[in-house]
Amino acid sequence: MSTPVLEARGISKYFADPVRVQVLRDISFALARGEFASVVGKSGCGKSTLLYILSTMDTDYEGTLLIDGEVMGTRTETELARVRNEKIGFVFQFHYLINEFSVLRNVMLPGEKLGRLAAPELEHRAYEKLRILGIADEALKLPNQLSGGQKQRVAIARALINDPLIIMGDEPTGNLDKKNSEVVFDIFQELAHTHQQALLIVTHDPDFAAKTQRVIEMEDGRIIR
Ligand SMILES: Nc1ncnc2c1ncn2[C@@H]1O[C@H](COP(=O)(O)OP(=O)(O)OP(=O)(O)O)[C@@H](O)[C@H]1O
């Protein structure tokens, strides 16, 4: 079997609240290339906390996190920022697009930060991502000239600009109606199938979760199924 793109080995997390509370308990699982998994569970069971750790943004945990076969625990913040930008794409419930910049420029930004492609190539690639998401015609508009569903598609295009191995979402369809949620689901599925990208999506939507290849169910800080 090839190396998992993401692996959690015995991850636990505590908050000082002001007494010490354990919010993640010995979480272990691996995500393969091209796998589309959802994370479900009641409010407060630890889904966002887990995603925060898996995305390397929170480094205060016990256990081991491997991304693309490499242990993250010993990395400096600069190295982690690079891993995030290169290997992980994020989509949140709220899109966090910059309203002063065009759709195109918003999509290009993480690529500018990585600095691998010259502006014309990057622009070409941003158009390609917008085309995949079916919104290339909106490229020169400002985000606030778009509908909610369109904005979320721009946010997905932005998450794809560096061709990440893993796409993580924290309720990416939480703010969308049923039709737009289905569009986003289909896009994610296409990315897993065609581009072999792994997806790990936290969702409260049972219909969305039921359609994913694998459902990771959490309860009280544990994976129960
Ligand atoms: N900074 C913090 N300090 C203390 N406790 C926290 C902190 N952040 C989260 N928690 C607690 O950790 C637990 C898990 O929270 P988390 O946000 O991961 O849950 P969740 O499953 O994502 O919930 P939701 O579905 O409502 O987003 C909760 O009990 C929450 O109150």
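How far apart are the axes of H3 and H5, and at what angle do they cross? Keep that pair in mind; the tour reaches these helices at the third stop.

**Before you start**

This is a predicted model, in which local features need pLDDT of at least 70, side-chain atom pairs count only at pLDDT 80 or more, and totals for chains, interfaces and linings use all residues. Residue numbers start from 1 along each chain as its sequence is written. The H and E labels are DSSP runs numbered from the N terminus: helices are H or I with at least four residues, strands are E with at least two.

**Stop 1: the ligand**

Select the ligand and its shell (residues whose C-beta atom, placed from the backbone, lies within 6 Å of it). You should pick up Phe15, Asp17, Val23, Gly41, Ser43, Gly44, Cys45, Gly46, Lys47, Ser48 and Thr49. Now colour helix H1, residues 47–54: this element gives the most to the shell, with three residues. Colouring by class gives three nonpolar, six polar and two charged residues around the ligand. Here Ala, Val, Leu, Ile, Met, Phe, Trp, Tyr, Cys and Pro count as nonpolar, Asp, Glu, Lys and Arg as charged, and the others, Gly among them, as polar.

**Stop 2: strand E1**

Next, select strand E1, residues 6–16, and find Glu7 in it. Is Glu7 buried or exposed? Glu7 is buried, because 20 other C-beta atoms lie within 10 Å. (Buried means 20 or more other C-beta atoms within 10 Å, exposed means 12 or fewer, and partly exposed is in between, with C-beta atoms placed from the backbone.) Leaving out residues up to four places away in sequence, Glu7 touches Ala30 and Leu66; touching, or contact, means that the C-beta atoms, placed from the backbone, lie within 7 Å. Try a distance label from Glu7 to Ser28: they are 21 residues apart along the chain, and their C-alpha atoms are separated by 7.4 Å.

Stay on E1 and move to Ile11. Ile11 is buried too, with 21 other C-beta atoms within 10 Å. Beyond residues up to four places away in sequence, Ile11 touches Leu24, Ile27, Ile53, Tyr61, Glu62, Gly63 and Leu65.

**Stop 3: helices H3, H4, H5 and H6**

Two packed helices are described by the angle between their axes and the distance between the axes. Axes are lines fitted to C-alpha atoms, for helices over the stretch in contact, and angles run from 0 to 180 degrees between N-to-C directions.

Back to the opening question: the axes of H3 and H5 come within 7 Å and cross at roughly 30 degrees. H3 passes H5 in a right-handed crossing; a crossing is right-handed if the near helix is turned clockwise from the far one by less than a right angle, and left-handed if anticlockwise. To display the contact, select Val103, Asn106, Val107, Leu109 and Pro110 of H3 with Val154, Ala157 and Arg158 of H5. These residues divide into six nonpolar, one polar and one charged.

Now bring up H3 (residues 103–114) with H4 (residues 119–132), which pack at an angle of about 120 degrees with their axes 9 Å apart. H3 and H4 are therefore oblique to each other. (Under 35 degrees counts as roughly parallel, over 145 as roughly antiparallel, 65 to 115 as roughly perpendicular and the rest as oblique.) The contact is made by Leu104, Val107, Met108, Gly111 and Glu112 of H3 and by Leu122, Glu123, Arg125, Ala126, Lys129 and Leu130 of H4. By class, the contact of H3 with H4 has six nonpolar, one polar and four charged residues.

Finish with H5 and H6 (residues 178–195), whose axes are 10 Å apart at an angle of about 20 degrees. That angle makes H5 roughly parallel to H6. Select Gly149, Gln152 and Ile156 of H5 and Asn180, Val183, Val184 and Ile187 of H6 to see their contact. It has four nonpolar, three polar and no charged residues.

**Stop 4: three loop residues**

Go to the loop between H4 and H5 (148–160) and pick Ala136. Ala136 is partly exposed, with 16 other C-beta atoms within 10 Å.

Then select Asp68, in the loop between strands E4 (62–67) and E5 (70–71). Its phi is near 50 degrees, a positive value in a residue other than glycine. Last comes Asp220, between strands E9 (214–219) and E10 (222–223). Asp220 also has a positive phi of about 50 degrees although it is not a glycine.

Key
Two residues are in contact if their C-beta atoms, placed from the backbone, lie within 7 Å.
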